[in-house]
Amino acid sequence: MVLEYIADGFALAALVLVVRWLGVRQTRAFAPFPAISVSSCVVLAVAATYPVVNRIMLENRLSKAASTLVGAHVKVDCQTLTGSALDMGRELGFVKWGPGGIPEHKTLIKHDQCNDLHAYLNSGKKHPSAGEIVAVHILTHESMHMAGTTAEAVAECHAMQHDTAMAEDLGAPPAAAHALAVAYWRTVYPNMPDGYTSSDCRPGGSLDLHLSDAPWS
């Protein structure tokens with residue numbers, strides 16, 4: 001919002017300069033156009049607008065992928081840089097619970113993880129970084145909550161089994177998407193804190209969804 005206000009301010013300043021020049025021109029035939037001042041304001045307005053537009057485009061892309069997985073329209077918001085500076089929470093994303101304990105169809109993904117998702121979307125997706133692997137899974141995990149799953153261990157296990165589908169929705173080839181899911185299952189999940197893991201999250205366990213593209217398939 002701060003950047004939006006700054007962009008609006010510079011755009012308004014450019015407009016005021018043009019209007020003043022038009023007024024002066026009515027009495028002075030050779031009033032010079034304030035080209036440098038107007039151009040500077042326009043450039044600064046565009047520069048302030050770019051991060052806002054870029055974030056909106058990213059949120060729309062992530063919302064589309066999450067909605068496909070959930071099977072309903074959901075909204076993904078990316079935390080702003082200012083929000084991250086004031087954030088004391090350790091979670092990488094969260095979904096608020098609405099009335100009756102029903103998860104909302106909206107999630108907030110933290111600033112760093114949104115940056116990693118942005119990097120993943122703009123990469124070849126065959127060699128994701130550790131941060132990108134975690135970020136894709138965070139989006140899947142929060143999608144499980146938006147789909148109605150409240151228990152963290154269940155959401156985590158089901159998310160792992162949908163990571164391949166999420167990565168494909170974000171543009172990864174099937175083999176690369178499956179490799180990302182396998183990488184999370186093997187390297188990140190075993191080190192998750194208590195409450196996020198379950199002995200039933202295994203091939204043939206009660207949390208096994210028997211999906212053909214599960215990481216252990």
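This note goes through the fold, the sheet, one pocket and several individual residues of a predicted model.

1. Overall make-up. The chain has 217 residues, of which 36% count as buried, and its secondary structure comes to seven helices and three strands. Read from the N terminus, the elements follow the order α-α-β-α-β-β-α-α-α-α. Among the contacts with a separation of 6 or more, 62% are made by residues 24 or more positions apart.

2. Sheet order and edges. The three strands form an open sheet in the order S1-S3-S2, and the pairing within this sheet is mixed. Strand S1 (75-78) and strand S2 (93-97) each have a single partner strand and therefore stand at the edges, with one side of each left without a neighbour in the sheet. From one strand to the next, the twist averages 25°.

3. The parallel pair. S1 pairs with strand S3, residues 103-109, in the parallel sense, and four bridges connect the two. Along this pair, Lys75 stands opposite Lys106 in S3, Val76 stands opposite Thr107, and Cys78 has Ile109 as its bridge partner. The two faces of S1 can also be told apart, since Val76 and Cys78 make up the covered face, whereas Lys75 and Asp77 make up the uncovered one.

4. The antiparallel pair. S2 and S3 also pair over four bridges, but in the antiparallel sense. Here Gly93 stands opposite Ile109 in S3, and Ile109 is thus a residue to inspect on both sides, given that Cys78 of S1 is bridged to Ile109 as well. The hairpin of S2 and S3 has five residues between the strands, and within this hairpin Gly100 takes a positive phi near 75°.

5. The helix on the sheet. Helix H5, which covers residues 130-146, packs on the sheet and touches S1, S2 and S3. The direction of H5 makes about 160° with that of S3.

6. The second largest pocket. What surrounds the second largest pocket, and which residues lie nearest its centre? The lining consists of 20 residues, and those nearest the centre are Glu91, Leu92, Ile138, Met192 and Tyr196. The space in this pocket is about 360 Å³. By class, the lining holds eleven nonpolar, four polar and five charged residues. At least two lining residues are supplied by each of S2, H5, helix H6 (152-169) and helix H7 (174-188), and the largest share, six residues, comes from H5. H5 therefore appears in two settings in this model, as the helix that packs on the sheet and as the source of the largest share of this lining.7. Tyr120 and its surroundings. Tyr120 has its place in helix H4, residues 111-121. Is Tyr120 buried or exposed? With a relative accessible area of 0%, Tyr120 is buried. Leaving aside residues up to four places away in sequence, Tyr120 touches Lys125, Pro128, Glu132, Val136, Ala167, Leu170, Ala172 and Leu180. The C-alpha atoms of Tyr120 and Ile133 are 8.6 Å apart in space, while the two residues are 13 residues apart in sequence.

8. Positive phi at Lys125. Lys125, one of the residues that Tyr120 touches, lies in the loop between H4 and H5. Although Lys125 is not a glycine, its phi is positive, at about 70°. Lys125 counts as buried because its relative accessible area, 8%, falls below the cut-off, buried meaning under 20%.

9. Positive phi at His210. His210 is found in the segment after H7, and here too a residue that is not a glycine has a positive phi, of about 55°. The relative accessible area of His210 is 61%, so His210 is exposed, the cut-off for this class being over 50%.

Definitions and conventions:
Residues are numbered from 1 along each chain as its sequence is written. This is a predicted model: local features need pLDDT of at least 70, side-chain atom pairs count only at pLDDT 80 or more; totals for chains, interfaces and linings use all residues. Side-chain values use heavy atoms; hydrogens and water are left out. Two strands pair if DSSP finds at least two bridges between them. Axes are lines fitted to C-alpha atoms, for helices over the stretch in contact, and angles run from 0 to 180 degrees between N-to-C directions. Contact means heavy atoms within 4.5 Å. On a 1 Å grid over the protein atoms alone, a cavity is a set of points where a 1.4 Å probe fits but cannot get out, and a pocket is an open set with protein on both sides within 12 Å along at least five of seven lines; lining residues have an atom within 4 Å of a point. Grid points are joined across faces, edges and corners, and a volume is the space filled by probe spheres set on the points. Ala, Val, Leu, Ile, Met, Phe, Trp, Tyr, Cys and Pro count as nonpolar, Asp, Glu, Lys and Arg as charged, and the others, Gly among them, as polar. Buried means under 20% relative accessible area, exposed over 50%, partly exposed in between (1.4 Å probe, protein chains only).
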